[in-house]
Amino acid sequence: MLPDYHIHTALCAHAEGEVGDYWSAAKRNGLAEICFTDHAPNPDGYDPAHRMRMAEFPLYRNAISDIQDKGDPRVLFGVEADYYEGCERFLTQWLSGQGFDFILGSVHFIDGWGFDNPEERHIWDSVDVTETWRKYFETIARLVETHLFDAVGHMDLPKKFGHRPSDKDLKEMIQPVLDRMAEGGMGMELNTSGLRRPVREIYPSPVIVALACERAIPICFGSDAHSPSDVGADFDMALKLAREAGYTEFFRIRQRKKERVPLPAF
Ligand SMILES: [Zn+2]
Ligand SMILES: [Zn+2]
């Protein structure tokens, strides 16, 4: 079974279950390794509704270090940190001081709009879809340029509610981003949570996974679990997506060092 590198906890205030509950679920589902990547706290007042407070971070770190002593499944210490304009002020120092194994980089806002938030979904009706995707990938390009992150999370998140550019426009806007990722050794996450959303599709789409494979961009797998029952969800489908795009390897990570390993058989 593939490792699950995208797991939240109740500390982020929009997930259910403690570290131990996710670990037990991983054990039941036969996973050998998991990585917690809860939403990073932020002292600048960025999106406080969806993350732990700074003062809660030691609880997160300690809960993970306690569970690491329990044996298999192995547990990695990670975080999902958002890229946004000015994030470097806080993240550059803070990320490097925590001893993370894995830092997943995501974009959840375009010009202050939480485009994947169900409460702000109606705004899609009044924007230009292709322009919105273009802005999104410009932001992902800046994320990559910071070199603060190990992999991009849910690479085509704007499709969540079904709004998409044409394949031609998508390719034109994403290829420069993928080129930069390849140059920087940046990974890409195959995230199965899209199957649980209106779009009913893994992030990213087969077209993007194939373009990433052409560039040998290393991939990992994440359920984006916000409930223990999500751990390892639909990883058989993610494995199939990776294989069909041409991938034969994925990456595991320790202390932010990636190691490429063969994908399991179907
Ligand atoms: Zn979340
Ligand atoms: Zn997440």
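Is His6 buried or exposed in this structure? In this predicted model, His6 is buried, because its relative accessibility is 0% and the cut-off for a buried residue is under 20% relative accessible area. His8 likewise counts as buried, with a relative accessibility of 0%.

Both histidines belong to a metal site, and that site is a useful place to start. The zinc ion (ligand 2) takes its protein donors from His6 (NE2), His8 (NE2), Glu80 (OE) and Asp224 (OD), which lie 1.9 to 2.3 Å from the metal. Read along the chain, these donors follow the spacing H-x1-H-x71-E-x143-D. The angles among the four donor atoms run from 82 to 175°, and the site is classed as irregular; a tetrahedral assignment would require all angles to lie between 85 and 135 degrees. As a general reference, the ideal angle for four tetrahedral donors is 109.5 degrees.

A separation of 4.6 Å leads from the zinc ion (ligand 2) to the zinc ion (ligand 1). The zinc ion (ligand 1) is coordinated by the NE2 atoms of His14, His39 and His226, at 2.0 to 2.1 Å, and the spacing of its donors along the chain is H-x24-H-x186-H. His14 sits in the loop between strand 1 (4-7) and helix 1 (19-28), whereas His39 is part of strand 2 (residues 33-39), so this pair ties together parts that are 25 residues apart in sequence. In terms of accessibility, His14 counts as partly exposed at 32%, while His39 is buried, with a relative accessible area of 6%.

Away from the metals, Gln98 can be followed in the loop that joins helix 3 (88-96) to strand 4 (102-106). Gln98 has a relative accessible area of 19% and is therefore buried, given that the limit for this class is under 20%. The side chain of Gln98 reaches the backbone oxygen of Trp94 at 3.1 Å. Leaving aside residues up to four places away in sequence, Gln98 touches Phe57, Arg61 and Phe77.

The last stop is a pair of helices. Two packed helices are described by the angle and the distance between their axes. For helix 5 (residues 167-184) and helix 6 (residues 206-214), the axes come within 11 Å and cross at roughly 35°, and the crossing is right-handed. Helix 5 contributes Asp167, Leu170, Lys171, Ile174, Gln175 and Leu178 to the contact, and helix 6 contributes Val207, Ile208, Leu211 and Ala212.

Note on methods. Residues are numbered from 1 along each chain as its sequence is written. Chains are lettered from A and ligands numbered from 1 in the order in which they are written. This is a predicted model: local features need pLDDT of at least 70, side-chain atom pairs count only at pLDDT 80 or more; totals for chains, interfaces and linings use all residues. Side-chain values use heavy atoms; hydrogens and water are left out. Helices (H or I, at least four residues) and strands (E, at least two) are DSSP runs, numbered from the N terminus. Buried means under 20% relative accessible area, exposed over 50%, partly exposed in between (1.4 Å probe, protein chains only). A polar contact is a pair of N or O atoms within 3.5 Å; within protein, one must be able to donate a hydrogen and the other to accept it, and residues adjacent in sequence count only if both atoms are side-chain atoms. Contact means heavy atoms within 4.5 Å. Donors are N, O and S atoms within 2.8 Å of the metal (3.2 Å for Na, K and Ca); water is not among the atoms, so sites may look incomplete. Four donors count as tetrahedral if all angles lie between 85 and 135 degrees; four count as square planar and six as octahedral if opposite donors are over 155 degrees apart and all others between 65 and 115; anything else is irregular. Axes are lines fitted to C-alpha atoms, for helices over the stretch in contact, and angles run from 0 to 180 degrees between N-to-C directions. A crossing is left-handed if the near helix is turned anticlockwise from the far one by less than a right angle, and right-handed if clockwise.
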